[in-house]
Amino acid sequence: MINQVDLMAVVEKHRNNGVVVPTMTGSRGWNAVSNNKDRDIPLGGAMGKASSFALGVALAQPDLKVFVFDGDGSLLMNLGTLVTVAEKAPKNFYHFVLENGVYAVTGGQPIPGVDKLSFAGMAKEAGYAAAYEFDDLEDFASRADEVLEAEGPVFICFKTTPEIQNEPIGLRPASGVKPTRVAIKDLMADLGV
Ligand SMILES: Cc1ncc(C[n+]2csc(CCOP(=O)(O)OP(=O)(O)O)c2C)c(N)n1
Ligand SMILES: [Mg+2]
């Protein structure tokens, strides 16, 4: 099992000037490690749509790498995205799923199929250029150059430790994560588009 913030610290070292689209508990994790917040779009609310949004960015900015930190419950809600991404085949697209086995941000309810399905298997069969699965951070860190330099679309499933949020939403401490609409404006300003 992988700690998601430790994982994200490894990815941050490889992002260079790339755009990062985290969602759900991944947004908090990424906020803790990102060194270029003008190029981050934390996607809140639109469950399952982080990869769809990121696909649009990748197609519009083919010279920039785009990295998505999807949730496992979120990806299940929009499995068709795998087929759409594979069809468009953006070479600059890196789709990570944080497979923590639960809907962590809503209290830790188990996702369906967790011990049966293979997200990497589904991505491969949908037609991604490459698909990987890691449950050990050292294994990934030692191959990160190879995996993140490969031509996309690349899919990587990480088996992560759930960080369950159980407090009523109104009682949770502020996350410090930028609202999506602000992040979009900041990214456009940074890219000059
Ligand atoms: C269409 C829709 N249904 C339900 C929700 C409520 N909701 C927000 S986050 C979430 C769970 C997300 O789970 P996952 O993608 O696995 O991310 P994790 O919390 O584990 O990081 C749910 C059910 C929503 N935002 N949109
Ligand atoms: Mg989850």
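Helix H5 (helices being DSSP runs of H or I with at least four residues, strands runs of E with at least two, both numbered from the N terminus) is followed by Ala89, whose phi is positive, near 50 degrees. The model is predicted, so that local features need pLDDT of at least 70 and side-chain atom pairs count only at pLDDT 80 or more, whereas totals for chains, interfaces and linings use all residues. Residues are numbered from 1 along each chain as its sequence is written, with chains lettered from A and ligands numbered from 1 in the order in which they are written.

In H5, residues 80–88, the buried positions are Thr81, Leu82 and Val85 (buried: 20 or more other C-beta atoms within 10 Å of the residue's own; exposed: 12 or fewer; partly exposed: in between; C-beta atoms placed from the backbone). They cover an arc of only 105 degrees around the axis, which puts them on the same side of H5; the arc is that of the directions from the helix axis to the C-beta atoms. Gly80 and Glu87, on the other side of H5, are exposed. The cover over the buried residues of H5 includes helix H3 (50–60), strand S3 (93–99) and helix H6 (119–126), contact being defined by C-beta atoms, placed from the backbone, within 7 Å.

The largest nonpolar core (a set of buried Ala, Val, Leu, Ile, Met, Phe, Trp, Tyr and Cys residues joined through C-beta atoms within 7 Å) has 41 residues, of which Val21, Ala54, Val66, Val68, Phe96, Ile156 and Phe158 touch the most other members. Apart from it lies another core, of five residues, including Met24 and Val102.

Technical notes
Two residues are in contact if their C-beta atoms, placed from the backbone, lie within 7 Å.
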